[in-house]
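Please open the structure in your viewer and keep the sequence panel beside it. This tour suggests what to select at each stop and says what is there.

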Amino acid sequence: MSVPSSRAVAAPSEADAREAEFAGALLELADGAAPDDALPGAAEADGSHAKLTALAVHARHRLAREGRACETAALLDAPSEADPVRHGYSGTRAARLRHVEHEQCEGPATDTLRTGTALSTLPLNGAAARWPRYAPAALEAGVCAVHTVALPDVRSDHGAGAGAGVLVVHLDEETPLGPAATAALTALARACALGLAHRTALRRGTELRRALGSRVVIEQAKGVLAERRNGSVDDAFRTLRAYARSQQRPLHQVAREVVEAQLLDPPFQRSAAPPPARRNR
């Protein structure tokens, strides 16, 4: 007869569930995997970015569990002045304040992106001298303090990265964030930066594979055309390049059609003349 165990299986506590949720958020942000057709562009035309939006939303939820009312924004420096700043928001107020920063060229995100230095829960009542246009607009929107976390640029560690970024917290009260909340936001920002760098590396790898494939087929086409016309590979390459330019087509596409014998008309026809005889030494 079996004796029932005196040990009861403890149900997961609320704290355990919170930790599991937080761990899941870190894994989601750090995951840079994406289908091949999504690799060429991670951001929409207006700059909105799914991973940055996820970072903003996870950060807001993490602070909400501590009873902190806020909205958050995650921003990434634009690759060039012609491109929009990539962004994600947890609410419309954060989006409006980012627009104010952009128009006035001042504010917490602007400072952190420029210097790479985070701001630790800065009350806006005393920030008028620092941000004479942004601070009044934020106070009017109900924001009492701001806190920023710099997204690390991990290019030096992984060879490809996303560039400088910032997580901005718009707080509804001036009470400073505690060490646990600050550490959680830092971990989320780090995970997001790793995910962005991973995505960049995947995209770069895809581009390199495509470039290598194009080079291989061009070399094949040079050999095929040189044999077909009894000429040199240099002459074959000049023919391929001239035809591609005249037709305004990518060189590798023309090369592939030559290799697959889809282009047989001039200037790709087979030469009627026999190959030149080799001179005996």
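Begin by selecting the cysteines in this predicted model, bearing in mind that the structure holds zero disulfides. A disulfide is a covalent bond between the sulfur atoms of two cysteines. When you click on Cys-105, you are looking at an exposed residue whose relative accessible area is 62%, whereas Cys-144 is partly exposed, with a value of 25%.

Next, select the whole protein chain and switch to a cartoon view, where nine helices and five strands can be traced. Followed from the N terminus on, these elements run α-α-β-β-α-α-β-α-β-α-β-α-α-α. The protein chain has 281 residues, and buried ones make up 37% of them. If you consider the contacts between residues at least 6 apart in sequence, 66% of these join residues at least 24 apart. Now turn on the surface, which comes to about 16100 Å² of accessible area, with 53% of it belonging to carbon and sulfur atoms.

For the last stop, select residues 233-247, which form helix α8. This helix has 15 residues and reaches 21 Å from its first C-alpha to its last, close to the 21 Å expected at 1.5 Å a residue. Which residues of α8 are buried? They are Ala-236, Thr-239, Leu-240, Tyr-243 and Ala-244, and because they cover an arc of only 125° around the axis, they lie on the same side of α8. Rotate to the other side of α8, and you will find Arg-245 and Ser-246, which are exposed. Finally, step to Gln-248, just after α8, where phi is positive at about 55°.

Notes. Residues numbered from 1 in each chain as written. Predicted model: local features only at pLDDT ≥ 70, side-chain atom pairs only at ≥ 80, totals over all residues. Heavy atoms only, no water. Disulfide = S-S within 2.5 Å. Buried < 20%, exposed > 50% of the residue type's maximum accessible area, 1.4 Å probe, protein only. Helix = DSSP H or I, 4+ residues; strand = E, 2+ residues; numbered from the N terminus. Contact = heavy atoms within 4.5 Å. Areas by Shrake-Rupley, 256 points an atom, 1.4 Å probe, with all protein chains shown as cover. Expected span 1.5 Å × (residues − 1). Arc of directions from axis to C-beta.
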